[in-house]
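Reader: I am new to this structure and would like a close look at one part of it, followed outwards into its surroundings. Please take your time and keep the steps connected.

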Amino acid sequence: MSILEVRGVSFSYKGSAAGKCALKDIDLSFQDNMITGLIGHTGSGKSTLVQMFNGLLKPDSGQILLDGKDIWSDEVKIRDVRFRVGLVMQYPEYQLFAETVEADIAYGPGNMGMSDDEISDAVIKSAGFVNLDPSQLKKSPFDLSGGQKRRAALAGVIAMGPEILVLDEPAAGLDPAGRREILGKIKEYQRASGTTVIIVSHSMEDMAMYCDRVAVLAQGRLMFEGTTPEVFSRYDELVRVGLDVPEITRLAARLDEEGIGIGRDVYTVKYAYEKFTEFLKESKGGGKNE
């Protein structure tokens, strides 16, 4: 089932040197209770597209449908859309502003009209989801480490209980351990809550590891989309547009060229191991040399 749909969306930035068309006739659906990755080079239109999901940008043409209804059919209610579709921008820690971490996380739920008890419960639960220690809630957000600030900003959006959580480069600027931690918590949160999650990234490794589905953008157009194995099986097309596919996918493609056919849909080391083990068993059964 598609909770969010993009139908025939085009958009251009007006009045600047960047006035060229940023999005061109995009059709895309996002499945409920899944993590979908949006990948593409800088300038491919990823960030522009996600800012339309909760009405920060309005399409020049086309529709953004939330549960089948155009979010711009009643502009007065666009604020409600922003509560249902939570957007975490790049480097969200720069948007922290309150005196304490607790107050920062509570800001969104307060705007939604939650009661004090509901706000307190939302703050505690969202902080727990992102591994913020209760002792950190009384601190100034500016006293936290970079990774802790990122988690606090994410908790502020999660606390509003959005039906759809959209994250624009959530691991940008983090070291490998930090990337695994923040993306791992996002996946854990999605599996526990059933929230639909959309992650924007230029990292094919991250998309391979954490996403159920992937959509590929190039020069403002949708190239193709599908399950993660389906997308990475189109290795040649991804490489042709200059996308940096996972190293394990490159290895699988090279093995395929050498006659060791473990499949071109390999995108993680674990999956490669499973496919290679299967290949060896079939080779033995067919009387081939290992």
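**Strand 7 and its surroundings**

Author: A good place to begin is a single pair of residues: Leu87 has Val166, in strand 7, as its bridge partner. The model in front of you is a predicted one, and what follows should be read with that in mind.

The pair belongs to a longer connection, since strand 6 (residues 85-88) and strand 7 (residues 164-168) run parallel and are joined by four bridges. Elsewhere along this connection, Val85 stands opposite Ile164 in strand 7. As a general point, the strands of a sheet pair through backbone hydrogen bonds, and they may do so in a parallel or an antiparallel way. Strand 7 also pairs with strand 8 (residues 196-201), again in parallel, through five bridges, and one of the facing pairs there is Leu165 with Val197 of strand 8.

How much of strand 7 is buried? Strand 7 is mostly covered, for five of its five residues are buried. In a regular strand, side chains alternate between the two faces of the sheet. Both faces of strand 7 are covered, with Ile164, Val166 and Asp168 buried on one side and Leu165 and Leu167 buried on the other. Strand 6 is likewise covered on both faces, where Val85 and Leu87 form one side, Gly86 and Val88 form the other, and all four residues named are buried.

Just beyond the strand comes Glu169, which is found in the loop between strand 7 and helix 6. Glu169 has a relative accessible area of 9%, which is under the 20% cut-off, and therefore counts as buried. Its backbone deserves a second look, because Glu169 has a positive phi of about 50° although it is not a glycine.

The loop leads on to helix 6 (residues 176-193), whose axis comes within 11 Å of the axis of helix 5 (residues 146-158), the two crossing at roughly 20°. That angle is under 35 degrees, so helix 5 and helix 6 are roughly parallel to each other. The crossing of helix 5 with helix 6 is right-handed. From helix 5, the residues that take part are Arg150, Arg151, Leu154 and Ile158, and they meet Glu181, Ile182, Ile186 and Tyr189 in helix 6. Sorted by class, this contact has five nonpolar and three charged residues, with no polar ones.

Returning to strand 6, another neighbour can be followed from there. Asn54, which sits in the loop between helix 1 (46-53) and strand 4, touches Val85 and Leu87, and its contacts also include Ile71, Ile78, Val81 and Arg82, when residues up to four places away in sequence are not counted. With a relative accessible area of 6%, Asn54 falls under the 20% cut-off and is therefore buried.

The loop that holds Asn54 ends at strand 4, and this opens the way to a further sheet. It is an open sheet of four strands in the order 2-1-4-5, with antiparallel pairing. Strand 2 (21-31) and strand 5 (69-70) each have a single partner strand and stand at the edges, so one side of each lacks a neighbour in the sheet. Inside this order, strand 1 (residues 2-12) and strand 4 (residues 61-66) run antiparallel and are joined by five bridges, and Leu4 stands opposite Leu66 in strand 4.

Leu65 is also found in strand 4, and is buried, having a relative accessible area of 4%. Leu65 touches Ile3, Leu4, Glu5, Arg7 and Asp70, leaving aside residues up to four places away in sequence. The C-alpha atoms of Leu65 and Arg7 are 7.8 Å apart in space, while the two residues are 58 residues apart in sequence.

After strand 4, in the loop that leads to strand 5, lies Asp67. Like the loop residue after strand 7, Asp67 is not a glycine and yet has a positive phi, here of about 55°. Which of the two is buried, and which partly exposed? Glu169 is buried, whereas Asp67, at 43% relative accessibility, counts as partly exposed.

Notes:
Residues are numbered from 1 along each chain as its sequence is written. This is a predicted model: local features need pLDDT of at least 70, side-chain atom pairs count only at pLDDT 80 or more; totals for chains, interfaces and linings use all residues. Side-chain values use heavy atoms; hydrogens and water are left out. Axes are lines fitted to C-alpha atoms, for helices over the stretch in contact, and angles run from 0 to 180 degrees between N-to-C directions. Angles under 35 degrees count as roughly parallel, over 145 as roughly antiparallel, 65 to 115 as roughly perpendicular and the rest as oblique. A crossing is left-handed if the near helix is turned anticlockwise from the far one by less than a right angle, and right-handed if clockwise. Contact means heavy atoms within 4.5 Å. Ala, Val, Leu, Ile, Met, Phe, Trp, Tyr, Cys and Pro count as nonpolar, Asp, Glu, Lys and Arg as charged, and the others, Gly among them, as polar. Two strands pair if DSSP finds at least two bridges between them. Buried means under 20% relative accessible area, exposed over 50%, partly exposed in between (1.4 Å probe, protein chains only).
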